[in-house]
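Okay, thanks for coming, everyone. I'd like to walk you through one model today, going from charged pairs to rings to the sheet. Have a look at it first.

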Amino acid sequence: MNKSELIDQIAESADIPKATAGRALDAAIAAVKQTLKKGGSVTLVGFGTFHVGKRAARTGRNPRTGASIKIKSAKIPKFRPGKALKDALN
């Protein structure tokens with residue numbers, strides 16, 4: 001499912017226009033991004049938790065030349081699914 005299909009699904013389920021559903025989805029995504037950027041986490045009970053993980057600096061290899069390169073540490077978004085989401089899949 002892509003973003004436009006998700007907007008269609010939200011609009012149909014909530015009985016609202018697609019434009020409104022699109023704005024609501026964009027606002028929700030922006031709120032999650034903003035919270036993660038500040039280092040926080042977003043918990044949606046029954047769905048899961050979005051949080052910031054840390055990836056340590058490491059040494060990698062350039063696949064083309066085989067030379068060693070240094071890869072900087074980075075913050076990465078992570079998602080932990082909630083129990084209700086896991087149960088829905090099994």
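Before I start, one cut-off: when I say exposed, I mean over 50% relative accessible area, buried is under 20%, and partly exposed is in between. And please keep in mind that this is a predicted model.

So let's use that cut-off straight away. Take Lys 83: its relative accessible area is 62%, so we call Lys 83 exposed. Its salt-bridge partner is Asp 87, with 2.9 Å from N to O. Asp 87 comes in at 45%, so that one is partly exposed. Both residues belong to helix 3, which runs over residues 83–89, and because they are 4 residues apart there, about one helical turn separates them.

How many salt bridges does the count come to? The count is 3. You've had one, so let's do the others.

Next up is Lys 3 with Asp 26. Here the closest N and O atoms sit 2.5 Å apart. This pair connects distant parts of the chain, since Lys 3 is in helix 1 (residues 3–14) and Asp 26 is in helix 2 (residues 18–37), 23 residues apart. On accessibility, Lys 3 has 43%, which makes it partly exposed, and Asp 26 is partly exposed too, at 38%.

Then there's Asp 8 and Lys 18, whose side chains form a salt bridge at 3.4 Å, N to O. Asp 8 is in helix 1 and Lys 18 is in helix 2, so this salt bridge ties together parts that are 10 residues apart in sequence. If you're wondering about the surface, Asp 8 is partly exposed at 32%, while Lys 18, with 53%, counts as exposed.

Okay, on to the rings. A quick reminder: we describe a pair of aromatic rings by how far apart the centres are and by the angle of the planes. This structure has 2 aromatic pairs. In one of them, the ring centres of Phe 47 and Phe 79 are 5.4 Å apart with the planes at 50 degrees, so we call the pair tilted. Again it's a link between distant parts of the chain: Phe 47 is in the loop between strand 1 (42–44) and strand 2 (48–55), and Phe 79 is in strand 5 (residues 74–81), 32 residues apart. Phe 47 is partly exposed, at 37% relative accessibility, and Phe 79 is partly exposed at 33%.

The other pair is Phe 50 with Phe 79, and that's tilted as well, with 4.8 Å centre to centre and 50 degrees between the planes. This pair joins strand 2, where Phe 50 is, to strand 5, where Phe 79 is, and the residues are 29 apart. Phe 50 has a relative accessible area of 24%, so it's partly exposed. Put the pairs together and Phe 47, Phe 50 and Phe 79 make one aromatic cluster.

That brings us to the sheet. Just so we're on the same page, strands in a sheet pair through backbone hydrogen bonds, in a parallel or antiparallel way. Ours is an open sheet of 3 strands in the order 1-2-5, and the pairing is antiparallel. Which strands stand at the edges? Strand 1 and strand 5 do; each has a single partner strand, so one side of each has no neighbour in the sheet. From one strand to the next, the twist averages 30 degrees.

Zooming in, strand 1 and strand 2 pair antiparallel over 3 bridges. Thr 43 is opposite Thr 49 of strand 2. And where does helix 2 come in? It packs on the sheet and touches strand 1, strand 2 and strand 5, with its direction at about 40 degrees to that of strand 2.

Last stop, Thr 49. Is it buried or exposed? With 14% relative accessibility, Thr 49 counts as buried. Its side chain makes a polar contact of 3.4 Å with the side chain of Thr 43. If you leave aside neighbours within four places in sequence, the residues in contact with Thr 49 are Ser 41, Val 42, Thr 43, Lys 78, Phe 79 and Arg 80. Phe 79 on that list is the one we met in the aromatic cluster with Phe 47 and Phe 50.

Okay, that's my tour. Over to you.

Key
Residues are numbered from 1 along each chain as its sequence is written. This is a predicted model: local features need pLDDT of at least 70, side-chain atom pairs count only at pLDDT 80 or more; totals for chains, interfaces and linings use all residues. Side-chain values use heavy atoms; hydrogens and water are left out. A salt bridge is a side-chain nitrogen of Lys or Arg within 4 Å of a carboxyl oxygen of Asp or Glu. Helices (H or I, at least four residues) and strands (E, at least two) are DSSP runs, numbered from the N terminus. Buried means under 20% relative accessible area, exposed over 50%, partly exposed in between (1.4 Å probe, protein chains only). Rings of Phe, Tyr and Trp (its six-membered ring) pair if their centres lie within 6.5 Å; planes under 30 degrees apart count as stacked, over 60 as edge-to-face and the rest as tilted. A polar contact is a pair of N or O atoms within 3.5 Å; within protein, one must be able to donate a hydrogen and the other to accept it, and residues adjacent in sequence count only if both atoms are side-chain atoms. Contact means heavy atoms within 4.5 Å. Two strands pair if DSSP finds at least two bridges between them. Axes are lines fitted to C-alpha atoms, for helices over the stretch in contact, and angles run from 0 to 180 degrees between N-to-C directions.
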